[in-house]
Amino acid sequence: MTDNDIDRDEIERDEDALPPEALRSLSPLAWARYGVTSIAYARPVVVNGQRAVSIHAADGTPIGAAPTLALANAAILQHGMGAASVH
């Protein structure tokens, strides 16, 4: 990846961004849909008695799983998404 690739990626994201006025008026569902392809979050789960981490798109759709939070975050980043911290 070169500096030009990074700049191009930033420009493409800026073109997809909504203006601040539009962002202020989004409903929670609209926010989830807006970030569904670029934001993911991870949450702990238990599967067959084993601890794991479930990975979800911004709208809550399950998109993957990992054995640890670190691996879940790495998978999110590897797929070009941002990892959101959810409390």
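**Exercise 1.** Determine which side-chain contact the backbone oxygen of Gly60 makes, and whether His56 is buried or exposed.

*Solution.* Step 1: the backbone oxygen of Gly60 lies 3.0 Å from a polar atom of the His56 side chain. A polar contact is a pair of N or O atoms within 3.5 Å; within protein, one must be able to donate a hydrogen and the other to accept it, and residues adjacent in sequence count only if both atoms are side-chain atoms. The model is predicted: local features need pLDDT of at least 70, side-chain atom pairs count only at pLDDT 80 or more, and totals for chains, interfaces and linings use all residues. Residues are numbered from 1 along each chain as its sequence is written, and side-chain values use heavy atoms, leaving out hydrogens and water.

Step 2: His56 counts as buried because its relative accessibility is 8% (buried: under 20% relative accessible area; exposed: over 50%; partly exposed in between; 1.4 Å probe, protein chains only).

**Exercise 2.** Locate His56 in the sheet.

*Solution.* Step 1: His56 belongs to strand β2 (strands, E, at least two residues, and helices, H or I, at least four, are DSSP runs numbered from the N terminus).

Step 2: opposite His56 stands Pro62 of β3. Strands β2 and β3 run antiparallel, joined by four bridges (pairing requires at least two DSSP bridges).

Step 3: the open sheet has four strands in the order β3-β2-β1-β4, with mixed pairing. Its edge strands are β3 (62–66) and β4 (82–83), each pairing on one side only.
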